[in-house]
Every structure is written in structure tokens, then in C-alpha cells.
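Let's take a walk through this fold, from the sheet outwards. Keep the viewer open as you read.

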Amino acid sequence: MANEIDPDVPALITLFNSTFTDFQTKLVLGDDEPVYLPANEDIPYHRIVFAHGFFSSALHEIAHWCVAGEKRRLLEDYGYWYCPDGRDAKQQAEFESVEIKPQAIEWAFTEAAGRQFQVSTDNLNGAEPDRKGFTKNVEAQLAWYKNNGFPPRAARFIDALKNTQKLSGAQ
């Protein structure tokens, strides 16, 4: 069951791909770790590759794309180095500080899709994260976005999610 693709993923892919044709970027189902791949000589469009057919992974990777600037969207994984699971307390704190904005956007996407959001501290084999503190920080950023406006691509996708009838919101 864990390896099954969420039944709403095909509709989500279609929705993203039709919403952002002007950015030459496609949402792509991946088999393993998520990654952002810019266009190259073989593939003329950028790819947001999300993990294992998980709906939440797709929303998370879209959120990262929504905060990445134009120059970063020309670099693999936006030019960031990812510190994998097993981070120490300092590395985990750094991870969480850069995840607040994308996870706040992901939370808004999740709500727009009629689903339940849960923060991801993504450190099962490392220092114990402060899940409550991190959730509070993400929630504060979400409230800020709701009061002051989301980044333009995020706002566009929130509207697209709210206006679609193709996503059932199944958990």
C-alpha cells in the first residue's frame, strides 16, 4: 500500500502543468528522492520531480519552486545542497530555518486541496527535532502570507487548487 500512487496525483500533475505553461516547467512523478531539474539540451522544460507518487511530496516540491527566484530555477535543486536525514541539532536548526516558507506555502496548498497538513522535520535518524516549535514557526509564516499575500506563483496555484473539482481530497 505504501508504494501506491495517490489517486489524485494524475489530476494534480495535470493541474500544475496546465497552470504554469508560461514557465516551461512540468511536475513529474519520480521513483526516488525529489529533485528540481532545469531544462537542458535534451529536455526543453524544467522538471519538478516529486517522490514516490505522494501527493504531499508534490505539494512540497511545488512550494520550493514557488519561492525559488529566477536564477535559482536555472540550477539543479535550485543550487542548494541538501543535508540528508541524520542531521545533528545545528544542522537540523538550519534545515528548519530554510523550510519555514516552503512549508507554509505547502500548508496553504494542502488546505486548498481539502487535505490535512503536517510539517516535515525530515530527520528520522538524527537529532530529535522540536516539532511543536517548528509547527508554530510554519503556522506564523502561513498567517503572515494570508495577511500580506503569497508569492505570485504560490497564489496562482492556491487559486487553481481551490477552483478544481478533480481532486477528491482523499487522504
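What follows goes from the sheet to the helices lying across it, then to the nonpolar core and one residue of the first helix. One thing to keep in mind: this is a predicted model.

Start with the sheet. It's an open one with 3 strands in the order β1-β3-β2, and the pairing is mixed. The edges are β1 (25–29) and β2 (35–37), each of which pairs on one side only. From one strand to the next, the twist averages 20 degrees. If you zoom in on β2 and β3, you'll find that they run antiparallel and are joined by 3 bridges. As a landmark there, look for V35, which stands opposite V49 in β3.

Now add the helices. Helix α1 (residues 9–19) lies across β1 and β3, and its direction makes an angle of about 170 degrees with β1. Helix α2 lies across β1, β2 and β3, running at about 145 degrees to β3. α2 covers residues 55–67, and its 13 residues reach 19 Å from the first C-alpha to the last, close to the 18 Å expected at 1.5 Å a residue. How much of α2 is buried? Of its 13 residues, 11 are, so the helix is mostly covered. The buried set isn't just greasy side chains: among them are S57, H60, E61 and H64, along with F55, L59, I62 and W65.

That brings us to the core. In soluble globular proteins, nonpolar side chains tend to be buried together. Here the largest nonpolar core has 39 residues, and those with the most contacts inside it are L27, F109, F157 and L161. At least two core residues come from each of α1, β3 (46–50), α2, α3 (89–112), α4 (131–148) and α5 (152–163). L27 is a good place to click: beyond four places away in sequence, it touches L12, I13, F16, N17, I48, F50, A58 and I62.

Finally, have a look at T19, which lies in α1. Is T19 buried or exposed? It counts as buried because its relative accessibility is 16%, with the cut-off being under 20%. Leaving out residues up to four places away in sequence, T19 touches R156, F157 and A160. The C-alpha atoms of T19 and R156 are separated by 7.9 Å, although the two residues sit 137 residues apart along the chain. T19 also has a partner within the helix stretch: a polar atom of its side chain lies 2.6 Å from the backbone oxygen of L15.

Note on methods:
Residues numbered from 1 in each chain as written. Predicted model: local features only at pLDDT ≥ 70, side-chain atom pairs only at ≥ 80, totals over all residues. Heavy atoms only, no water. Helix = DSSP H or I, 4+ residues; strand = E, 2+ residues; numbered from the N terminus. Expected span 1.5 Å × (residues − 1). Buried < 20%, exposed > 50% of the residue type's maximum accessible area, 1.4 Å probe, protein only. Contact = heavy atoms within 4.5 Å. Polar contact = N/O pair within 3.5 Å; in protein donor to acceptor, adjacent residues only side chain to side chain. Core = buried A, V, L, I, M, F, W, Y, C linked by side-chain atoms within 4.5 Å. Pairing = 2+ DSSP bridges. Axes fitted to C-alpha atoms, helices over the stretch in contact; angles between N-to-C directions.
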